[in-house]
Amino acid sequence: MSEKHSKDGLPVTGFIRLAQLVPHIIPMGRSTLWLKVKTGEFPQPVKLSAHITAWRVEDVRAWMDSRKSHSEG
């Protein structure tokens, strides 16, 4: 695998697509993820082209870190 990944399974930088996120990194279904995007509970994706939507890795990692801090507190 030529792309570098961190301990959380995310690439170090760049973008990540839905199929890479669910359920491998984010333990929820696709519908639930899109509902969380709609309600503002999950970061908004970026449209990379007419048929490609992805999330900034930094946004997903920040969301994951905020979930950790809520569960620890």
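In this predicted model, strands β2 and β3 form a hairpin. The connection between β2 and β3 has 2 residues. Strand β2 covers residues 46-49. Its pairing with β3 is antiparallel and runs over 3 bridges. Within this pair, Lys47 has Thr53 of β3 as its bridge partner.

Strand β3, residues 52-56, also pairs with β1. Strand β1 comprises residues 15-17. Here too the sense is antiparallel, with 3 bridges between β1 and β3. Phe15 is bridged to Arg56, a residue of β3.

Together, the 3 strands make up an open sheet. The strand order is β1-β3-β2, and the pairing is antiparallel. Strands β1 and β2 occupy the edges. Each of these edge strands has a single partner strand, so one side of β1 and one side of β2 lack a neighbour in the sheet. Neighbouring strands of the sheet are turned against each other by 50° on average, with direction ignored.

The position of β3 in the order β1-β3-β2 thus accommodates both pairings: Arg56 is the partner of Phe15, and Thr53 is the partner of Lys47.

Methods: Residues are numbered from 1 along each chain as its sequence is written. This is a predicted model: local features need pLDDT of at least 70, side-chain atom pairs count only at pLDDT 80 or more; totals for chains, interfaces and linings use all residues. Side-chain values use heavy atoms; hydrogens and water are left out. Two strands pair if DSSP finds at least two bridges between them. Helices (H or I, at least four residues) and strands (E, at least two) are DSSP runs, numbered from the N terminus. Axes are lines fitted to C-alpha atoms, for helices over the stretch in contact, and angles run from 0 to 180 degrees between N-to-C directions.
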